[in-house]
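Okay, thanks for squeezing me in. Let me put the structure up on the screen, and then I'll talk you through it.

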Amino acid sequence: MTQKVIIFDFDGTIADTVDALVSIANRLALEFGYIQITPEELALLRNFTSREIISYSGISVFKIPFLVKKVKSELKNKIHEFKPIPGIKEALIELKNDGNRLGIITSNSKDNVREFLQINDLDSLFEFIYSGVTIFGKTTIINNVLRQKQLKPQEVIYVGDETRDIEASKKANIKVIAVTWGFNSQVVLSKQNPNFLIHQPSQLLEVIKDC
């Protein structure tokens, strides 16, 4: 198998943090001026793109970087409670053993990600972790990684659970695998036309062999 550089999103893709993120976001709603999300609305929002969610919430785009910073701070206190997505650890180990290079690009903080990886014995699998504070800034971060690591786009695959992951990957001209076990639903992910759409971590292995 040809060696690939596989870049993962963190929240919802590797770590099962979606419920905690929703809980924290609801708790901060009054402070940042957006609506709280009921369980019924959450089911609806899973079918929205990231941009549609922001529009629906009513939050000012200027407040988003400050909200992300606050959420990351609150997540730090809970990081020891989170578990890996079932099956993801085994898939990551096999991908690494096959000679692939693994990395993470996330809106979460490097410290939170590193602590989670260490707690769950995953830290030795990843070559790099890059963190950004913007909601739609992943394309810039991906391009920075490609430049700094001297990577060719055709060697790189991004794995994420949100529509913005697909959008960023396409703009960076890299392949993207969308996963349905995180935040966004299969329906909205498929509408964004990722290169691959998978439902179980074990499918990563077969899909990446076809890339």
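I'll start with the overall picture and then go to a few residues.

So, first thing to say: this is a predicted model. In terms of secondary structure, the protein has eleven helices and six strands.

How about overall dimensions? For 211 residues, a compact globule would come out with a radius of gyration near 17 Å, and the protein has 16 Å, so the two agree. If you put a box around the C-alpha atoms along the principal axes, that box is roughly 50 × 35 × 30 Å.

Now, inside versus outside. Of the 211 residues, 52% are buried. The exposed surface of the protein adds up to about 10,100 Å², and 51% of that comes from carbon and sulfur atoms. On the contact side, take pairs of residues at least 6 apart in sequence: 67% of those contacts join residues at least 24 apart.

For those of you thinking about electrostatics, there are 26 positive and 25 negative charges. Take the mean position of each set, and those two points sit 7 Å apart.

Okay, on to single residues. The one I'd like you to zoom in on is D165, which is in helix 9, residues 163-171. Is D165 buried or exposed? Its relative accessibility is 1%, and the cut-off for buried is under 20%, so D165 counts as buried. What does the side chain of D165 have around it? One of its polar atoms lies 3.1 Å from the backbone nitrogen of D161. Then, if you skip the neighbours within four places in sequence, D165 is in contact with D9, K138, Y158, G160 and V176.

Last topic: backbone torsions. As a reminder, most residues other than glycine have a negative phi. Here are two with a positive one.

Q150 has phi near 55°, and it isn't a glycine. You'll find Q150 in the loop that runs between helix 8 (138-148) and strand 4 (156-160). With a relative accessibility of 74%, Q150 counts as exposed.

The other is N193, again not a glycine, with phi near 55°. N193 belongs to the loop between helix 10 (186-191) and strand 6 (196-198). Its relative accessibility is 54%, and since the exposed class begins over 50%, N193 counts as exposed.

So, to recap the residues: D165 is buried in the model, while Q150 is exposed, and N193 is exposed too. That's it from me.

Key: Residues numbered from 1 in each chain as written. Predicted model: local features only at pLDDT ≥ 70, side-chain atom pairs only at ≥ 80, totals over all residues. Heavy atoms only, no water. Helix = DSSP H or I, 4+ residues; strand = E, 2+ residues; numbered from the N terminus. Rg over C-alpha atoms; globule rule 2.2 N^0.38 Å. Buried < 20%, exposed > 50% of the residue type's maximum accessible area, 1.4 Å probe, protein only. Contact = heavy atoms within 4.5 Å. Areas by Shrake-Rupley, 256 points an atom, 1.4 Å probe, with all protein chains shown as cover. Lys, Arg positive; Asp, Glu negative; His and termini not counted. Charge placed at Lys NZ, Arg CZ, Asp CG, Glu CD. Polar contact = N/O pair within 3.5 Å; in protein donor to acceptor, adjacent residues only side chain to side chain.
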